[in-house]
Amino acid sequence: MTKAIQQIMLGTVTKNEKQAAESLKRIKAAGYDGIELNGFMIKPTSFLVRMLTKAAGMPVGKGGNYDWNALVREAGLAVTSIHEDLGTIKREPENVIREAEKFGTKYVVITGMYRFDYSDKNAVFGLCQDLNASGKILKEAGVELLYHNHNCEFLKVEPGKTAYDLILSETDASCVNFELDSYWPTEAGVNALELMRKLDTRMKLYHINDRGTRLSKPAMTPILKSDSMELGYGNMNLFSLITQAQKVNVDAVILESHKNWVDDSPLKSMELSAEFMNQYVC
């Protein structure tokens, strides 16, 4: 089972090609053997995209001009998957397929979308149709389409049913499957382990993170704000989640923490998380 890093963590430590090479080698030295790339980080992107991600606390930098194929290969890392947006897949599936082939991965992953109403049942039905259509095109070329969740998919489309329930039931398992991120359903108040069990073998990749707080002194109120944490330093039941991921033989467990890194360093953060990954992911 591959232990990997999500590229979105690396924007601040890949400011030039030399730094990118050093960061990837440090990731390999920590015990990781893979990386999940982002389409908008390995290709030139607009100023607007860079500003939006920076505003969200996850700057992507200008790595679209680097030779990521050479960088990843020289670091001894495998590419587990590539994140791409649905619009790009619909407009230019041939380019997405070629990119996956170039990096030697069989997985292309779509993430929860901005400017989309996950509480609109008809809109979610439309999304499922688009996923099925795109998944079929990719499958014919030997590439598998996965859907990655955030917390927005757990909005209700009707009493007792979330958008994620609908995506699970209305997508064709022969061409659309899932990369579950257990942090976001937990943040939304959903039992991530039960969700994993529901996905069963349709979960092909697993995004891992922990959730807690760094506050060590009394807050202004008794309420503490939770955020992303290094693995084992938060309060999620990661052991049961990892066990379930191993039970269904996911191809990779991928670390993706969201800012709030120890010493504001994604590299120190991933090294702390590597202690957990190296012990429990095998």
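Two strands count as paired if DSSP finds at least two bridges between them. With that in hand, let's walk through this predicted model, starting at strand 4.

**Strand 4 and its neighbours**

Strand 4 covers residues 107-111, and 4 of its 5 residues are buried, so the rest of the structure largely encloses this strand. It has a parallel partner in strand 3, residues 78-83, with 2 bridges joining them. If you want a place to look on screen, find His83, whose bridge partner in strand 4 is Val109. Strand 4 also pairs with strand 5, residues 144-148, again in the parallel sense and over 5 bridges. Here Tyr107 has Glu144 of strand 5 as its bridge partner. To get from strand 4 to strand 5, the chain passes through helix 7, residues 121-140, in a right-handed β-α-β crossover.

The two pairings look like this:

| Strand pair | Sense | Bridges |
|---|---|---|
| Strand 3 and strand 4 | parallel | 2 bridges |
| Strand 4 and strand 5 | parallel | 5 bridges |

**Two helices that pack together**

Further along the chain, have a look at helix 8 (residues 163-170) and helix 10 (residues 192-199), which pack with their axes 12 Å apart and at an angle of about 15°. Angles under 35 degrees count as roughly parallel, so helix 8 is roughly parallel to helix 10. The crossing of helix 8 past helix 10 is right-handed. Which residues meet where these helices pack? Helix 8 brings Tyr164, Asp165 and Leu168, and these meet Leu195, Lys198 and Leu199 of helix 10.

Technical notes. Residues numbered from 1 in each chain as written. Predicted model: local features only at pLDDT ≥ 70, side-chain atom pairs only at ≥ 80, totals over all residues. Heavy atoms only, no water. Buried < 20%, exposed > 50% of the residue type's maximum accessible area, 1.4 Å probe, protein only. Helix = DSSP H or I, 4+ residues; strand = E, 2+ residues; numbered from the N terminus. Right-handed = clockwise from strand over helix to strand, strands pointing away. Axes fitted to C-alpha atoms, helices over the stretch in contact; angles between N-to-C directions. Parallel < 35°, antiparallel > 145°, perpendicular 65-115°, else oblique. Left-handed = near helix turned anticlockwise from the far one by under 90°. Contact = heavy atoms within 4.5 Å.
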